[in-house]
Amino acid sequence: MRLSRVALPYLPENVYRPQYDLSGLKPGILHLGCGNFHRAHQAVATQAAINLEGKDGLRWGIVGATMRSPTLVERLRPQDNLYTLLTRLSDRTAASIIGSIHTMSFTGDPLSYLPERLADPQIRIVSLTVTASGYYLTAEGRLDPQADAIRADLISEYPRTALGILALGLAIIRERGTTPPVILCCDNVSNNGTTLRQAVLDFVSLRGDDALGAWIAAHVQFPDTMVDRIAPTTSANDVEDALAALEGIHDEAPISAEPWFQWIIGPFEGPRPHWEAHPGTKFVSDVGLFERAKLQMLNGSHMLLAYAGALAGLNTIAEAASDPMLGRIAARFIRHEQDAGIGLSAQELDDYAHDLMERFRNPGIVHEAERVGRNGSVKMADRVIRPMRENLEAGRSVNGARLLIACWIRWFALHEQDALDLALADPRANVLRKICAQARHDHEAQTEAFFAMEEVFGPPLPHHEQEVKAIASILRRLTEEQVPTLLQELAA
């Protein structure tokens, strides 16, 4: 038997399931980027809200849209959009059935036409998890008008990007005179609501519709948020574990996640689910403090563990964080570099750093370095360069940041030589591989050429030449020495 509404009565008693009438669920949220993270995060909090509100909560069903592939749509539809969440605790796994998704669609399907979906008056919230690269931003946080996908959407009636869908959907709403939904960005982008608002306005301006831009600026809310939960790519073990937990009922689309859950949401007006019914969800007046701590201390250190770990043969975050040498480097990086500019007390910073390393070492979470390392050129400015710049200006150590950047460049150098076993996904991959090819044996030239890309790194760092030489020196050693030996020296 396959997981579906019909199968629910046959589930074991210890499997948590929705506490509401699934047949009565109605669409109230449109979510762009319905991947594993959304299904382990916002969809879970939405289910908690529906459970709390009872019949009134049934108006918050999610219309999920995948952006890259119809595969998840095809797997969930026969299951009535139900799926298993496996919460990986350190000593056991808890299984839950999530049923808050009402409908699934794929942006590449013209019949879905998401701008029209967005304009449906029942849709009161549009949320997004399309990853940082899905907004096509420059290092300054503005829309890149030269991005191929953006240029295509500017002239298309069937947009494929989140920005194109938002712009056309809001145009329909303005034309009809109905109330626009709240646009809730849930991606790891600095000041994500404010940044998304500007990107939408930039997109509309490029289309030459100043009147629409003025209307959006006056009438559409884009609150900031911060999200945090590790939800790895679904593995064969997840499928097997779901089958065992459901005692033979098959789920084609299970997901796993760590126990940690955090969702910080800025203020906005209008109806919303009672998301705070799920522990870890808070509505606050200022998201910035939480966001910066997460972007730098969690996401930045994730990048170090991914890039350095993979070069050392440690292909998951848990392996990398548990390595005596790299784990020590990462812990020091989190607490003494990535905490720059974060307004928490020393004790709060100590506690957060400790919690992060415990989470990273969780053996139940298989978070692959290859996946964490994606789109580094998009992530670098906010997560690494901003604290690095502050530390340089204050005369503090930047040894961890230097190692991170050198390891990242080394990924491209190895990939250019067909010597990297991992897939390398980055919107600027071709340009960065070309740099490595042109300066294959000149590590300083490679480093200088990377830093010349101000759309990635921003303006030159303080003591620019000194930093280029220091990073080039590590890059040379990554090329000539055994990586574990280098890490052992750096961990001392």
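Here are some notes on a predicted model, going from its cores to a few single residues.

1. Start with the cores. The largest nonpolar core has 68 residues, and those with the most contacts inside it are Met380, Ile405 and Trp408. Helix H16 (residues 399–416) gives this core its largest share, 12 residues. A second, separate core of 49 residues includes Leu3, Ile50, Ile97 and Phe106.

2. Ile405 is a good place to zoom in. Leaving aside residues up to four places away in sequence, Ile405 touches Met380, Val384, Ile385, Met388, Phe451, Phe457 and Ile471. Two of these names, Phe451 and Phe457, turn up again in a ring cluster, where ring pairs link them with Trp408, Phe412 and Phe450.

3. Now helix H17 (residues 429–438). Its buried residues are Ala429, Leu432, Ile435 and Cys436. Looking down the axis of H17, you find them within an arc of 125°, so they line one face of the helix. The general pattern behind this is that an α-helix has 3.6 residues a turn, so residues three or four places apart point the same way. On the face of H17 turned away from the buried side sit the exposed residues Asn430, Lys434 and Gln438. The cover over the buried residues of H17 includes helix H15 (376–394), H16 and helix H18 (443–451).

4. Helix H13 (residues 346–360) can be checked for length. With 15 residues at 1.5 Å a residue, H13 should span 21 Å, and its end C-alpha atoms are indeed 21 Å apart. Which residues of H13 are buried? They are Leu349, Tyr352, Ala353, Leu356, Met357, Arg359 and Phe360. Their arc around the axis is only 160°, which puts them on the same side of H13. Against them pack strand S8 (225–228), helix H10 (288–311), helix H11 (317–322) and helix H12 (324–336).

5. On cysteines, a search of the whole structure finds zero disulfides. Why is cysteine 186 not bonded to cysteine 185? The sulfur of cysteine 185 is the closest cysteine sulfur to that of cysteine 186, but at 6.6 Å it is too far for a bond. Cysteine 436 is in no disulfide either, as the nearest cysteine sulfur, in cysteine 407, is 13 Å away. Both cysteines are out of sight: cysteine 186 is buried at 2% relative accessible area, and cysteine 436 is buried at 1%.

6. Aromatic rings deserve a look too, with nine aromatic pairs in the whole structure. One of them joins phenylalanine 268 and phenylalanine 283, a tilted pair with 6.3 Å centre to centre and 55° between the planes. Phenylalanine 268 is in the loop between strand S10 (262–265) and strand S11 (281–283), while phenylalanine 283 is in S11 itself, so the pair ties together parts that are 15 residues apart in sequence. Is each partner buried or exposed? Phenylalanine 268 is buried, with 14% relative accessible area, whereas phenylalanine 283 is partly exposed at 27%.

7. Last, two backbone angles to check by eye. Most residues other than glycine have a negative phi. Asparagine 81, though, has a positive phi, near 65°. Asparagine 81 lies in the loop between helix H3 (71–76) and strand S3 (83–88), and is buried at 7% relative accessible area. Histidine 463 also has a positive phi, near 55°, and its place is the loop between helix H19 (454–457) and helix H20 (464–480).

Notes:
Residues are numbered from 1 along each chain as its sequence is written. This is a predicted model: local features need pLDDT of at least 70, side-chain atom pairs count only at pLDDT 80 or more; totals for chains, interfaces and linings use all residues. Side-chain values use heavy atoms; hydrogens and water are left out. Helices (H or I, at least four residues) and strands (E, at least two) are DSSP runs, numbered from the N terminus. The expected span of a helix is 1.5 Å times one less than its number of residues. Buried means under 20% relative accessible area, exposed over 50%, partly exposed in between (1.4 Å probe, protein chains only). The arc is that of the directions from the helix axis to the C-beta atoms. Contact means heavy atoms within 4.5 Å. A nonpolar core is a set of buried Ala, Val, Leu, Ile, Met, Phe, Trp, Tyr and Cys residues joined through side-chain atoms within 4.5 Å. A disulfide is a pair of cysteine sulfur atoms within 2.5 Å. Rings of Phe, Tyr and Trp (its six-membered ring) pair if their centres lie within 6.5 Å; planes under 30 degrees apart count as stacked, over 60 as edge-to-face and the rest as tilted.
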